[in-house]
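Please open the structure in your viewer and keep the selection tool at hand. The stops below say what to select and what is found there.

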Amino acid sequence: MKKRRLRLIVLLALPLLLPGCFPQGPEYTEELDLVVTNRDPDFDFQSVGTYALPDDVVKITGNLQDGDDVEFVNAVYAKIILESIRENMGNYGWTEVDKSNDPDVVILPSAMSSTTLIYYYDYWYWDWWYPYSWWGWYYPYPIYGGSYTSGSVFIQMTYPEGITAADNIPVVWSGILNGLLEGSTAEINSRIETSIDQAYTQSPYLNLGSAN
Amino acid sequence: MRAIITLISLIVAANAAYAQTTMAVQYSMNFPMGDTQDFVGEPSFRGFTIDYRYHITPEIAVGASAAWYTFYERKDYDTYTTSDNTISASGIQYRYLNSMPLLFVGDYYFNADQQLSPFVGLAIGTTYNRLDNEMGLYDVNVDSWHFTLAPEAGLRYGVGDEVWGFVSARYNNSFETKELDAQSYLTVNVGVMFRSGGF
């Protein structure tokens, strides 16, 4: 009888061990923030020094190919994105010039927020602004694709002089910031700023004073 | 052939004279080693093991062991760069290893008729391992079934005619597969063992 009771206790205790199989994960929104950068390994960043940046951040909606107009990100968020890019480019020794002044590289910032949209982002989002006539861009490396279930900011550095015979302009550096769009505007802006800073921190080869 | 028949006859005869089974339920703590430690450096306190033994003699037992262990480690915010120095990713990583060994076991008990009985054993079988690496909103995982060898040693302490307290240490060594490197960890079990019959 005593043994039977002990067996019963052990059996009842077994399920108590099971919750331990599902340990904790992230607790705060910012713990899910991710910054990914990529570059063309054959491009010499020390050979360039000027850049152009638009006054708006394109909003990727997925509807452009259906004939809709280009939309832009809310100025509250666009301001912090553009200012952060400017500050980091300046810190790395780059000089901003107007798009009509033959910049070495052209930086194209964009963003999207969605839970279902399959990412589809191409050159025609920038037809309205890009200072050169071209047909499209290309990446020397595969990085984009897939679906995003959150907010993302994309920064692409294009190199107009590298235009190919097929009229594609290479994207020599890109950054993707991804995270959950939760919290106040101030909190989201703070995270965007931190992530853009991180994108440059982990890309020291963009520093014109570096040996990379 | 005659030797094999003789051996089988001896086992059957011994079995007839001493047919007994035990069941053990154990709380398991695990300490990663080797490549497993490279992936998840923290010890695991989330696991349990269930063992079944068929005693051929009081000293010799064969049986099976099934277990589930979960390892977890939160890596601080860091930057990870590909070897060609082109792609870098920064974020917090949450790493998990879920491990499920399914093993056949043979044990030898010293002083089997005493209250305190040390034992040694060897387990052989397979282990299902799944490694998850979560970064941002993304999860990269890989899983595999390994061939496993696991030597063990422990102590059994009688607390009644049919119940023992039970502690053991088992070195789980799962060999490399096409999908995963070799995975290894030391399991420390604390549990209760019952004689005869099931639950």
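Start with chain A coloured by secondary structure: 3 helices and 9 strands appear, where helices (H or I, at least four residues) and strands (E, at least two) are DSSP runs, numbered from the N terminus. Followed along the sequence, their pattern is α-β-β-β-β-α-β-β-β-β-β-α. This is a predicted model, in which local features need pLDDT of at least 70 and side-chain atom pairs count only at pLDDT 80 or more, while totals for chains, interfaces and linings use all residues. Residues are numbered from 1 along each chain as its sequence is written, and chains are lettered from A and ligands numbered from 1 in the order in which they are written.

Stay with the whole of chain A. Of its 212 residues, 31% count as buried; a residue is buried if 20 or more other C-beta atoms lie within 10 Å of its own, exposed if 12 or fewer, and partly exposed in between, with C-beta atoms placed from the backbone.

Next, select residues 151-158 of chain A, strand E8. How many of its residues are buried? The count is 8 of 8. On one side are A:Gly151, A:Val153, A:Ile155 and A:Met157, on the other A:Ser152, A:Phe154, A:Gln156 and A:Thr158, so both faces are covered, by the definition of buried just given.

Now add strand E6, residues 105-113 of chain A, which runs antiparallel to E8(A) and is joined to it by 8 bridges. Two strands pair if DSSP finds at least two bridges between them. Find A:Met112 here: opposite it in E8(A) stands A:Ser152.

Finally, select strand E9, residues 168-179 of chain A, which pairs with E8(A) in the antiparallel sense over 8 bridges. Here A:Val171 of E9(A) stands opposite A:Thr158.
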